[in-house]
Amino acid sequence: MISCLQQDNVRLPEELNTTEPQRQALGSTLQSQLEGVEPKLSDQAQELNRLCSELGTTDLEKHLEILVLENDRLKQELNGCQLQLQQLRLSLSGCTGCQHSKENAQLREQTTDLQLELGEKTQLLAKLQQHLQDVLQDKTEREERLNKRIRDCHLALAKQPTSSVKYITKKVEVESPRTKQDLEETQGRNHYLQEQIVIQRRLLAEQEQQLQDSWRTSAQLQAQIMMYEAELERTRGELLEAFQAMEDEKNQAIEEVFLQARTEMKTVHENLNGVRMNLLSIQPALKTLTSDYNCLKNHARDFPCLLQDAVNQTKREIYQAVEEVQKTNQDLLRKYKREMQLRKKCHNELVRLRGNIRVLCRVRPVNQDDGTGLETRNIISFDSDDESVLYVSHRGKISMFELDKVFQPHAVQTDIFQEVQALITSCIDGYNVCIFAYGQTGSGKTYTMEGSPEDPGINQRALRLLFGEVAERSTDWDLTITVSMAEIYNETLRDLLGSDSQKIEDLTMRNLLAKDPNEKLEIKLSPDGSGQLYVPGLIQIRVQSVDDINKVFELGRVNRATDFTNVNERSSRSHALLIVSVSGINLTSGVRTTGKLNLVDLAGSERVGKSGAEGPRLREAQNINKSLLALGDVICALRSKQPYIPFRNSKLTYLLQDSLSGDSKTLMMVQVSPMEKNVNETVCSLKFAQRVRSVELGAVVRRAENHYSSRQDYELESPSQATQQGRFNISHSGGKTTAGKRRLMASGEVNHRQGSAALPAL
Ligand code: ADP
Ligand code: MG
């Protein structure tokens, strides 16, 4: 190609030389054309540069930078304001609740609002900045595109003239028509270039239009920026105002606080002065206190030793006092024991003086069943000053009877029991006691002994009392109470607790209680050779509660009525015995005691002749009279200290031998009716009472099997004392006197059953 061109180059000058004038003319034309295009191109380039410089982002960027800087500065100012605000808050935190704090809170709220507003504006500004950057980027891209196109144009322009020149030159060199053709082509190209220039100009105009649009946009943005700046300025002004207000508020608050602090300071100063004065006055007291304290400190140091000494001393004194007290106690105990012995002796002496048989009289009231009329007239009167006498008006004369005590018709069961209860408790101490109810039928014997369920008599009250006593002594004594019930009818002893086996529902009780209710019991000598009497087969039931007693009494009552339709009829012809045995063992000393309480509801004492009875009724009456007479005889024999006591004359006296002999206590409750119709029997009963009242029994001795008792209150009288008095009998398992043996034998009569039965449900 190059060689071709070189050839052309060689050939063309030749051709050119040949067509010099044409060529020169054409050349000059083209040159002039080129010269015309070149300034235009340079103008366009200049215009382009100008446009570029005008479109340059420098101003906008600068403006943006200024805005950013201004924003930063505002932020810093805001931070400064916030710091000051915080400090102000801290300084004002002391006065809560005051007007300043309220205003402060309002200001704070306002500031918060402003901050929020500022935040919104800042966000808007950031958005605008972003938009501006986007526009600038778009503009830059467009500029680049324009520059590229301009460069392309330049290149195209640079290429076009050379080739056309070469072509024209070639054409001129080769052949003239060809040169013409080249010229035409060149002209065509020139035309094309001019078109291009037109296009370029149009594009330039478009670019200008776009530039103007950009300018407009830029102006709008600038206006917006200005607006935001104004807004920022306004916000800043508001913030400054708020800040100023807060500053003022703060200053005012500080001033107030300062004033308050000054006042307080003044008060504190005054107080301080007061305290100083006080301190000055206290100083001497402090000195005294210090010296006291030192003194006390010394004392405190010495205190343990002193305390120890004092404790030791006190201990010694206490030991001494305790020893003295112990000595005194022992002395007192000794004296007490002696006094107790003396009291016991006196009591026994009193009993002896009063007689071991106490005879009381109870006059029953007249009731509706007695009817009316002369026969029911009251023939008994009393002495209001002397409760031991009563007067009976009989056949026109008044007889006086003296007894130990007379209970008038209005006396109630408790009055009677109060009188006999000491006697009953003494059986726990080992004494044998016998209480008789004596009197004609209908005089109130059963009422006194048994009473009614609502108002019980001596029997039930005695057992209740014994239960109470047993419970009270349970810490020292193991006491057992057993009861037997027997009846003596026609000189026959019958067990009232035995029953037909068919009648006993409880199987365990059947073995115990089953027996012929009509079986005659015998009083026998004990086979052990002790000489004691006992009643084989007599049932003893252990009782522990009132329920038990009621069951036993009920059983006895039912059995007593076996053969008689009228219970009262039977009861009036037989002696009913409730035998209560109290045996005990002292838990510490081992002393054993046995006491027996015989509660006897005697048969009616009425005269046989009076009723004119015959046959069995006569026999009953004779037996009753015989036994009552025997009772009187025994008591009289005892009173007159006869060597022979006719205990064996009746079953009753034989059975009650141990309760009537010397070491026992006997109480005879003579029951009388106050009515005219009963006057003979009343007089007879009272005569019997007077007869037995003065009988003197031996001094009372407790029945103890172990003679070395440790309990003072149960100690026996000393043998020597008793012997001197001639009434004392020792009763223990060792050496028994004849009288003692006899007593124990008698007690054995009812204790024959080995192990008494506790009472289950009957
Ligand atoms: P006895 O047993 O001597 O035959 P009772 O005790 O059966 O006599 O008494 C006969 C009647 O007299 C009974 O109705 C009884 O209630 C009544 N009675 C006896 N003594 C009193 C008294 N102190 N108070 C009230 N009524 C009595
Ligand atoms: Mg009766």
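This report covers the surroundings of ligand 1 and one three-stranded sheet.

## Basis of the model

The model is predicted; local features need pLDDT of at least 70, side-chain atom pairs count only at pLDDT 80 or more, and totals for chains, interfaces and linings use all residues. Residues are numbered from 1 along each chain as its sequence is written, chains are lettered from A and ligands numbered from 1 in the order written, and side-chain values use heavy atoms, leaving out hydrogens and water.

## Around ligand 1

Ligand 1 is surrounded by 13 residues. A residue counts when one of its heavy atoms lies within 4 Å of the ligand. The closest are G442, G444, K445, T446 and Y447. By class, the shell holds 2 nonpolar, 8 polar and 3 charged residues. Here Ala, Val, Leu, Ile, Met, Phe, Trp, Tyr, Cys and Pro count as nonpolar, Asp, Glu, Lys and Arg as charged, and the others, Gly among them, as polar. Helix α7 (residues 445-449) gives the largest share of the shell, 3 residues. Helices (H or I, at least four residues) and strands (E, at least two) are DSSP runs, numbered from the N terminus.

Polar contacts with the ligand are pairs of N or O atoms within 3.5 Å. Backbone N or O atoms take part at two residues. That of G442 lies 2.7 Å from a ligand oxygen atom. That of Y447 also lies 2.7 Å from an oxygen atom of ligand 1. R362 uses a polar side-chain atom, 3.4 Å from a nitrogen atom of the ligand. Taken alone, ligand 1 exposes 560 Å², and the protein buries 76% of that. These areas come from the Shrake-Rupley method with a 1.4 Å probe.

## The sheet

Three strands form an open, antiparallel sheet in the order β2-β3-β4. Strands pair if DSSP finds at least two bridges between them. β2 (380-382) and β4 (397-402) are the edge strands, each pairing on one side only. Neighbouring strands are turned by 30 degrees against each other on average, direction ignored.

β2 and β3 (residues 389-394) share 3 bridges. One joins S381 to Y391. β3 and β4 share 6 bridges, and L390 stands opposite F401. These two strands form a hairpin with 2 residues between them. In the turn, R395 has a positive phi of about 50 degrees.

## A helix on the sheet

Helix α16 (residues 679-693) packs on this sheet. The helix touches β2, β3 and β4, with contact meaning heavy atoms within 4.5 Å. Its direction makes about 145 degrees with that of β3. Axes are lines fitted to C-alpha atoms, for helices over the stretch in contact, and angles run from 0 to 180 degrees between N-to-C directions.

Key: A polar contact is a pair of N or O atoms within 3.5 Å; within protein, one must be able to donate a hydrogen and the other to accept it, and residues adjacent in sequence count only if both atoms are side-chain atoms.
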